[in-house]
Amino acid sequence: MKIASSLTTFSLLLTLLLPATVMAKPPHKARPPAAAAKSATPAMPAGAVLATATTETPGIPDPPAVYAHGYVLIDYTSGQVLAQHDADARMEPASLTKLMTCYAVFSALKAGTLKLQDMVTISEHAWRAEGSRTFVQVGSQIPADVLIKGMIVQSGNDASIALAEKVGGTEAAFVQLMNEYAKRLGMNNTHFDDSTGLPSATHYTTARDLSILAAALVREFPEYYPWFSIREFVWNNIKQDNRNGLLERDSSVDGLKTGHTDSAGFCLVTSAKRDDMRLIAVVLNSPNIKGREDASAALLNYGFTFYQSVTVKQRGTVILKPRVYKAADEYFSIGTATDVSMVVPRSQAGSIETTATAQRRLIAPISSTTQVGELQILVNGKPVKSVPLYPLTDLRTGGFWSRISDTVVLWFQK
């Protein structure tokens, strides 16, 4: 009887609960198709932020939605921003800090105050560094080039501090150099407290500032930049792999650096070159390694797919030959100080036009560093960029007769 009573009670409860259970299930049509489910991005940890952005360029789709708190995609040559999300929000850089450590060390190499074969003594402060390590021993002497590879490939905090002490005397003095270089480069929302990237309340940067730094490393140190593409590094019989997985996934990727702490999340600064176009992607605070790599890959593919780099004018090209007074020659050539490039949607590459103007009453002498005109670049008839024009050579004052005759001409032009 007890068993029967229990079965009766269970049946009653099941009868009462079953409708509610059935109604709580979503309708079948709300479920994603099996094919879509397979191709969907893997589930991200709780709190992962899906960053989205929009573009106002006709014919260009919006940038891909990626898991990151902030990102920016720029064209290296022109500096144009192709996609961004919270690019100026201050965030922790983690080991991306070492990009500025690299910049300061490379600057010392270029100045000759540090040589690759210089022996660096490992201090106790460097040896006790927290986080990722190159496994150097206190009191040992190691060549600077070995420590640089350990800093770039393994992201060794001990190697970074040892180099900072070698270049700056102390890590604190070296950090002052880092902040000074940041100011010179125009990294206006960046401040460093150490050479490694350990968390600190006043240690921060932005995606945009890191893109400026990455471009400077590529531009100013072409002889050292290939170190960022080293796949593995062996020191003290310990093999260490580069943590930038995109070096394996995409043959066009040739640098730069990864970063991670619990508070900064997973970060990645990547540069890639396809044909004659180089792009730089910065991804900050992604939820995991796959997230930062997928985000960077998606941004790079977006830029290469929908945009094209165009050289508008080459340095040394004569753009105008305006009149100059009191000079040996009546007319002189002006042009741009550097190659002028810009990025446009692939469908608009043929719609670029230029107009140039020169200042009135140009009087010798004029230095080749003095702006004397302007080049306007238009896309589809709309001005998008202006570039200063300079004399292609220094203009010296002419002879006595040229100066006198041109003085009379200028009187009548007043």
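Is R315 buried or exposed? In this predicted model, R315 is exposed, because its relative accessible area is 61%, over the 50% that the term requires. The residue is found in the loop that runs between β12 (307-313) and β13 (324-325). Although it is exposed, R315 still has partners elsewhere in the chain. Leaving aside neighbours within four places in sequence, it is in contact with T336, A337, T338 and D339. With one of these, A337, there is a polar link: the side chain of R315 reaches the backbone oxygen of A337 at 3.2 Å. A further pairing shows how folding can bring parts of a chain together: R315 and V340 are 25 residues apart in sequence, and their C-alpha atoms are 7.5 Å apart in space.

A loop residue can also be hidden, and T205 is a good example to look at next. T205 is found in the loop between α7 (171-185) and α8 (207-220). Its relative accessibility is 0%, so T205 counts as buried, the limit for that word being under 20%. Not counting residues up to four places away in sequence, T205 touches A89, R90, M91, P93, M187, N189, T190 and L210. Among these, T190 is also a polar partner, since the side chains of T205 and T190 are joined by a polar contact of 2.7 Å.

Helix α3 offers a simple check on geometry. The helix has 14 residues (98-111), and at 1.5 Å a residue it should span 20 Å; its end C-alpha atoms are 19 Å apart, so the two values agree. How many of the residues of α3 are buried? The count is 12 of the 14, which means that the helix is largely enclosed by the rest of the structure. The buried residues are K98, L99, M100, T101, C102, Y103, A104, V105, F106, S107, A108 and L109. They pack against four helices and two strands by name: α5 (144-153), α6 (157-168), α7, α8, β9 (253-261) and β10 (265-274). After α3 comes G112, whose phi is positive, near 90°.

Some backbone angles elsewhere also deserve a look. Most residues other than glycine have a negative phi, and most peptide bonds are trans. A94 has a positive phi, near 50°, and is not a glycine. This residue lies in the loop between β4 (81-85) and α3, and A94 is buried, as its relative accessible area is 1%. N285 also has a positive phi without being a glycine, with a value near 55°. N285 lies in strand β11 (residues 277-286) and is partly exposed, because its relative accessible area is 23%. As for peptide bonds, G255 and L256 are joined by a cis bond, with omega about 20°. L256 is part of strand β9, one of the elements against which the buried residues of α3 pack.

Finally, there is a sheet to trace. Four strands form an open sheet with antiparallel pairing, in the order β14-β19-β18-β16. The edge strands are β14 (334-335) and β16 (352-358), each of which pairs on one side only. Over seven bridges, β16 pairs in the antiparallel sense with strand β18 (residues 373-379). Within β18, E374 is the residue that stands opposite T357.

Technical notes
Residues numbered from 1 in each chain as written. Predicted model: local features only at pLDDT ≥ 70, side-chain atom pairs only at ≥ 80, totals over all residues. Heavy atoms only, no water. Buried < 20%, exposed > 50% of the residue type's maximum accessible area, 1.4 Å probe, protein only. Polar contact = N/O pair within 3.5 Å; in protein donor to acceptor, adjacent residues only side chain to side chain. Contact = heavy atoms within 4.5 Å. Expected span 1.5 Å × (residues − 1). Pairing = 2+ DSSP bridges.
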